[in-house]
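Biologist: Can you walk me through this structure? I'd like to start with the ligand and then look at the empty spaces.

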Amino acid sequence: MAKTVGIGITGGIAAYKIADLVSRLKKDGHEVIVMMTAAATNFITPLTMKTLSGREVLTDLWNEAQGFNVQHIDVAEQLDLLVIAPATANFIAKMAHGLGDDLLSTVVLANTAPVLVVPSMNTNMFENRIVQNNIAILQDYGYHFLEPGSGHLACGTAGRGRLPEVQDILHRIEELLSPKQDLKNKRIMVNAGSTREDIDPVRFITNRSTGKMGYALAREALSRGAEVILVSGPSQLAVPVGVRFIPVRSAQEMCEEMLKYQADCDIIIGAAAVGDFRVARVAGQKIKKTEDKTRQVVLELVENPDILKELGKRKTEHMIMVGFAAETENVLENAKKKLLSKNLDLIVANDVTVEEAGFAADTNVVTLIDRAGSCRPLPKMSKDEVAAAIIDSVVALL
Ligand code: PMT
């Protein structure tokens, strides 16, 4: 079905490739509203975009001749999807911090449709922590990102930062315009993040999980029509709007909450890094240092419940259960053992020693293994894309 797609072009060398994108969207029958920043007009002319899109290109916040009363509000209201491509580091920063100082940035602020951001820039700029933090902020707000490709860059270097192929951008646009609703009438429970095991009133044992992987799964399930229960350890991430959110702290608490809801669920996914051990006796007061420097403070640890194993024992015939295996060696072998011992249908083998994978990263590299023995390695992808692939596999199992 024809939709209205806003294409926001910012000032990067890949801007010329967007001409092809606009032309192909038009051929697919969509209405395309092109907006360009002042910098973008240095790379490709508004006339080219006007000719391809068949309508006036919007460049100026103050240009009433461009035909609308309050132009940025009016445009934003028409959009089914807003695509920012190429998205420069500067424009990503503006979006992440809510700046609205030109036509495109004010449209972004007034827009309520889904947003797809397609970054393209020099590798060092893309990997700069400031840029990555800004991307993380936008992902928390629910903005969709397409990972840049790797290869030779216009600045003469090689690495990550190339605009993805126009075909891949088109594919993602179509996915966002016609979201799959293949989890409609399904209830899914996802756990995410780390757990905290208290030592005394001020100290605890935890791990490096941020919740990014689990929250991405919750968002994906939600967008595909599921009712989502998100059981989360402490996390800095924004709670996806629309989920039933159950915040917990310890592994025991997480286990109790998940057992409570299990019977009502069709699908359970364990993405949390659950603490395997807790302190046997939590001190009632802060443990003090003493003058005796030879004194050893020994913490006795006992095992926490294995949540997925407990849920696995109570699994019903039509329930699908998915676990992760965070491994540092013998990844596939260990993952397969966990698949069987926890009575799961699918396990996501996650080698957490790989760069830009596992804990805290925005990307992940995983292999999906099911009970029938199928073993599907996935390339490095954003956690949103990994979540989509996992949900695709769950749907196939349903
Ligand atoms: O949160 P992020 O920063 O995005 O990081 C993502 C991640 C690395 C945490 C995630 O991708 C991941 O690998 N999660 C599983 C972490 C883990 O605890 O793996 P494990 O191999 O120790 O456990 C295997 C499975 O059993 C997991 O699904 C785990 O949730 C579950 N488990 C483990 C221990 C326990 N006591 N109870 C459990 O249910």
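Modeller: Sure. Keep in mind that this is a predicted model.

Biologist: Okay. How many residues surround the ligand, and which are the closest?

Modeller: There are 27 residues around the ligand. S209, T210, A272, K338 and N350 are the closest.

Biologist: What kinds of residues are in that shell, by class?

Modeller: The shell has 13 nonpolar residues, eight polar ones and six charged ones.

Biologist: Which elements each supply at least two residues of the shell?

Modeller: Those are α9 (212-223), α11 (307-313) and β16 (320-327). The largest share comes from β16, with four residues.

Biologist: Now some polar atoms. What lies 2.9 Å from an oxygen atom of the ligand?

Modeller: That is a polar side-chain atom of K342.

Biologist: And which residue has a polar backbone atom 2.7 Å from a ligand oxygen?

Modeller: G211 does. For a ligand nitrogen atom, look at D276: a polar side-chain atom of D276 lies 3.5 Å away from that nitrogen.

Biologist: How much of the ligand's accessible area does the protein cover?

Modeller: The protein covers 96% of it. On its own, the ligand has 770 Å² of accessible area.

Biologist: Which pocket does the ligand take up?

Modeller: The ligand's space is the second largest pocket. That pocket holds about 770 Å³ of space. It is lined by 38 residues, and A272, A273, V274, A326 and F359 are the closest to its centre.

Biologist: What does the lining of that pocket look like by class?

Modeller: The lining of the second largest pocket has 17 nonpolar, 14 polar and seven charged residues. At least two lining residues come from each of α9, α11 and β16.

Biologist: New topic: cavities. How do you look for empty space at all?

Modeller: You roll a probe the size of a water molecule over the atoms, and that shows where empty space is left.

Biologist: And how many cavities of 30 Å³ or more does the structure hold?

Modeller: One. The volume of the largest cavity is about 120 Å³.

Biologist: Which elements give two or more residues to the lining of the largest cavity?

Modeller: α7 (129-140), α9 and α13 (383-397) do. The lining residues include A136, Q139, K212, Y215, R219 and D384.

Biologist: How do the lining residues of the largest cavity divide by class?

Modeller: Six are charged, four are nonpolar and two are polar.

Conventions
Residues are numbered from 1 along each chain as its sequence is written. This is a predicted model: local features need pLDDT of at least 70, side-chain atom pairs count only at pLDDT 80 or more; totals for chains, interfaces and linings use all residues. Side-chain values use heavy atoms; hydrogens and water are left out. A residue is near a molecule or strand if one of its heavy atoms lies within 4 Å of it. A polar contact is a pair of N or O atoms within 3.5 Å; within protein, one must be able to donate a hydrogen and the other to accept it, and residues adjacent in sequence count only if both atoms are side-chain atoms. Accessible areas come from the Shrake-Rupley method with a 1.4 Å probe; for residues, only the protein chains shown count as cover. On a 1 Å grid over the protein atoms alone, a cavity is a set of points where a 1.4 Å probe fits but cannot get out, and a pocket is an open set with protein on both sides within 12 Å along at least five of seven lines; lining residues have an atom within 4 Å of a point. A molecule sits in a cavity or pocket if more than half of its atoms lie within 2 Å of its grid points. Ala, Val, Leu, Ile, Met, Phe, Trp, Tyr, Cys and Pro count as nonpolar, Asp, Glu, Lys and Arg as charged, and the others, Gly among them, as polar. Grid points are joined across faces, edges and corners, and a volume is the space filled by probe spheres set on the points.
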